[in-house]
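Thanks for coming. I will take you through one structure, chain by chain, and then turn to a few local details.

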Amino acid sequence: MGKCCCGSDCQDSRFTEILEQYKGKDGVLIPVLQKAQEIKGYLPEETIRAIADYFNKPYSEVYGVATFYAQFRLKPSGENIIRVCAGTACHVRGGKKILDKVCSELNVAPGETSADGKFSLEPVACLGACGLAPVMMINDTTYGRLTPEKVTEILAKY
Amino acid sequence: MQIYRGHVLICAGTGCVASGSKKVQAEMANQLEAFNLENDIKIVETGCHGFCEMGPIVIVYPEGIFYCQVKMEDVKEIVEEHLLKGRPVKRLLFRDQMTEEMVPHYRDIDFYKKQNRIVLGNCGFINPENIKEYIARDGYEALAKALTQMTPEQVIDEVKASGLRGRGGGGFPTGLKWQFARDAKGDKKYVICNADEGDPGAFMDRSVLEGDPHALIEGMAIAAYAIGSDEGYIYVRAEYPLAIKRLQIAIAQAHELGLLGKDIFGSGFNFKLNIKEGAGAFVCGEETALIASIEGRRGEPRVRPPFPANKGLWGKPSNVNNVETFANVPRIIAKGSQWYAGMGTEKSKGTKVFALTGKVKNTGLAEVTMGLTLREIIFEIGGGIIDDKKFKAVQIGGPSGGCIPEQLLDLPIDYDSLISAGAMMGSGGLVVMDEDTCMVELARFFLNFTQMESCGKCTPCREGTKIMLDILERITKGEGKEGDIELLESLAKTIKSTSLCGLGQTAPNPVLATLRYFRDEYEAHIKEKRCPAGVCTALASYSILEDKCIGCTACARVCPVNAISGEVKKPHKIDPAKCIKCGACAQACKFNAIVKK
């Protein structure tokens, strides 16, 4: 295994493999950023720079893409990612109370990570599970028909 | 091939999985084995049945018995009683909410009775991860027909004659759009599917992707043949991991059978399909922004013309349609345009899938023939309002649409009738609201959404939506001023006429529609500092009804700011100057003595 070219001493060759996989192809910036974030959990500045250098693009362009889309994180996230649905169906069925409960239980605001690093609360427009409103997702698991009391129970499982 | 005497269909759509259908499925496999039935009864993992409220849903065939809200503990009883002894488990059957009667059969349930499931015809019946089940229900027959018996022009003429219009919101005639892409000059053309279902409150595309992915693939292949393209992209939201997984499986299986790839059906037609994962930006539902995103750039829209039909992906002619539109195509080609055009209203043909949500008893996906009334959808399919409260309005078309009040409930739904009522079809989200919904707050909610999702490229949308949001926030906080309504109207007009793309052009719609039908609520907020629905906290006031209060002191003990005073066993009082309107007292009171106004 060679040294990683992400700019840090992570000794992880997976990042280099991703760059090579997309070399010379068109429209690869978003998938490369997605895969890089999968490995690292977020997109540190040196990684964005390394991607820009590798694909011969200005740093501003890559940074511009990384900050345009809600999916990309420029700061490290917590162990678990919570997304509380803010869609219309959840809104009229009390989604705000669910969000408030998550915020008060973890003492975080939307977009923040809890002090113990266990949870990050990320904004999301709609999870598309409107039939079960109000809904939240923790990592890849969807929880529906929530009440503030259920939130406490669910968070305790993590 | 092994023959089974019965099939157990278990929904594996996102809704039912969230309600625990995976555990039910695992237990079903265990129990079938325990009763030695594993060679008699087959488990089929299906896509969404649309009745998410009642999930996890289990249907037993050949009888078609419909079990709802099945828990792991119920499985043994279903296997032992029903599958072994032939006696359906009554307590798990669906109960009609009006008559309280049990409805054992799928087709007799009110939720399904009025529906006309064409696009959703396979969802919930086939295993979406097995292409053979799609083929067994005449899948890929339409593609074979198009490639071997029809010219591209004939395909386009057939789609034109069917009257199919874009299901993503705009309602542009699909056949005409294909014609433009076919007529455009270019050596390379692309077919693109917009599966970036971003409207909050809509999830029909998700169900098609998860429940019947081959219908989309077949529709796209037919479109590619018609316009002269050999490559397609499906742009899917990253928030839909299951949809992405099922699409990947479906594409791989279609390749294996030669239904994608080179020389399909020996016709010389080649078609390659790629999946592009979105990265979370609502504006990417706009076609030029979506194309920019596929190209790996910021998803910002650009001025049209040139339209994508002439200059699209990588500058080549491209045709963009939404999932539901493509999923209609195989049915039109297979059964003919006459059949399709025979359904619906004069200018809106076929069916539309609506996502019925909010304060309605039966939430889920309902596919109905165009021209059905809102009353039929909400009160017959949807079963009416939760807790039998009073219906107030239904929001249709998401953040680009508007609300329809009670007096227009008998409006037959089609593209044009909705526009004239100040709403729009949009993607088909129907969010039902009862008397407890504040329409000003709802408008604020939508503006907050569009303002956050505005990409910032053009000024009217970026600045205008922000100013409208500021005004609405002030009004809901009780700081509204004379002239605010007029200012909102004038801003709305400017934003609508000068924004670059559909996001900005439709962003003011929720405000205009609520102003049109519920102007008095705005006025109550501004002039009387009162929220008629009692939703806006800043305008609410709590008081204690003397005749109901027994002086138990429960309210005073929970009040975080000590705003409640009174002697034990005597009526208490709330000091409005201290009250922060948190509502804790009303929740603590066991005698309904505390009212919010």
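Before the details, one definition: helices and strands here are DSSP runs, with at least four residues for a helix and at least two for a strand, numbered from the N terminus. A loop I mention by its neighbours is placed by those numbers, so B:Pro306, for instance, sits in the loop between helix H12 (287-294) and E11 of chain B. Please also keep in mind that this is a predicted model.

Let me start with chain A. It has 158 residues, and 49% of them are buried. There are seven helices and four strands. In sequence order the pattern reads α-α-α-α-β-α-α-β-β-β-α. The C-alpha trace of chain A spans about 50 × 30 × 25 Å along its principal axes.

The domain assignment splits chain A into domain 1, covering 14-68, and domain 2, covering 80-156. Taken over C-alpha atoms, the centres of domain 1 and domain 2 of chain A are 30 Å apart.

One residue to look up in chain A is A:Ile154, which lies in helix H7, residues 148-156. Is A:Ile154 buried or exposed? Its relative accessible area is 8%, so A:Ile154 counts as buried. Between A:Ile154 and A:Val65 there are 34 Å from C-alpha to C-alpha, and 89 residues along the chain.

Two more items in chain A. A:Arg49 lies over the face of A:Tyr59, 3.9 Å from the ring centre. And the peptide bond joining A:Ala133 and A:Pro134 is cis, with omega about -5°. A:Pro134 is in the loop between strand E2 (119-124) and strand E3 (136-138) of chain A.

Now chain B. Here the domain assignment gives domain 1 (6-108), domain 2 (131-337), domain 3 (351-434), domain 4 (439-527) and domain 5 (541-596). The centres of domain 1 and domain 4 of chain B, again over C-alpha atoms, are separated by 46 Å.

Chain B also has a cis peptide bond, from B:Pro305 to B:Pro306, with omega near 0°. As I said at the start, B:Pro306 is in the loop between helix H12 (287-294) and E11.

Next, backbone angles. Which residue in the loop between strand E9 (261-264) and strand E10 (269-277) of chain B should we look at? That residue is B:Phe265. B:Phe265 is not a glycine, yet its phi is positive, about 55°. With 36% relative accessibility, B:Phe265 is partly exposed. B:Lys529 also has a positive phi, about 50°, without being a glycine. B:Lys529 belongs to the loop between helix H21 (509-527) and strand E17 (542-544) of chain B. Its relative accessible area is 35%, so B:Lys529 is partly exposed.

On to the aromatic rings. How many aromatic pairs are there over all chains? The count comes to 25. One of them is the stacked pair of B:Phe51 and B:Phe111, at 4.0 Å centre to centre with 5° between the planes. B:Phe51 is in the loop between strand E2 (41-46) and strand E3 (58-61) of chain B, while B:Phe111 is in helix H4 (residues 110-113), so the pair ties together parts that are 60 residues apart in sequence. Both B:Phe51 and B:Phe111 are buried.

Another pair, B:Tyr190 and B:Tyr233, is tilted: 6.0 Å centre to centre, 50° between the planes. B:Tyr190 lies in strand E7 (residues 190-195) of chain B and B:Tyr233 in strand E8 (residues 231-236), and this pair links parts of the chain 43 residues apart. B:Tyr190 and B:Tyr233 are both buried.

Ring pairs also build a cluster, whose members include B:Phe51, B:Tyr61, B:Phe66 and B:Phe111. Separately, B:Arg206 lies over the face of B:Tyr240, 4.4 Å from the ring centre.

Last, the second largest pocket. The space in the second largest pocket is about 1300 Å³. Its lining has 43 residues, and B:Gly168, B:Gly169, B:Gly170, B:Gly285 and B:Glu286 lie nearest the centre. What does the lining look like by class? There are 12 nonpolar, 21 polar and 10 charged residues. Helix H8 (174-183), strand E11 (318-322) and helix H20 (502-506) of chain B each supply at least two lining residues. The largest share, five residues, comes from E11(B).

That is where I will stop.

Technical notes
Residues numbered from 1 in each chain as written. Chains lettered and ligands numbered in written order. Predicted model: local features only at pLDDT ≥ 70, side-chain atom pairs only at ≥ 80, totals over all residues. Heavy atoms only, no water. Domains from an automatic or database assignment. 1 Å grid on protein atoms, 1.4 Å probe; cavity = no way out; pocket = protein on both sides within 12 Å on 5 of 7 lines; lining within 4 Å. Points joined across faces, edges and corners; volume = space filled by probe spheres on them. Nonpolar A, V, L, I, M, F, W, Y, C, P; charged D, E, K, R; others polar. Phe/Tyr/Trp six-rings, centres within 6.5 Å; stacked < 30°, edge-to-face > 60°. Buried < 20%, exposed > 50% of the residue type's maximum accessible area, 1.4 Å probe, protein only. Lys NZ or Arg CZ within 6 Å of the ring centre and 35° of its normal.
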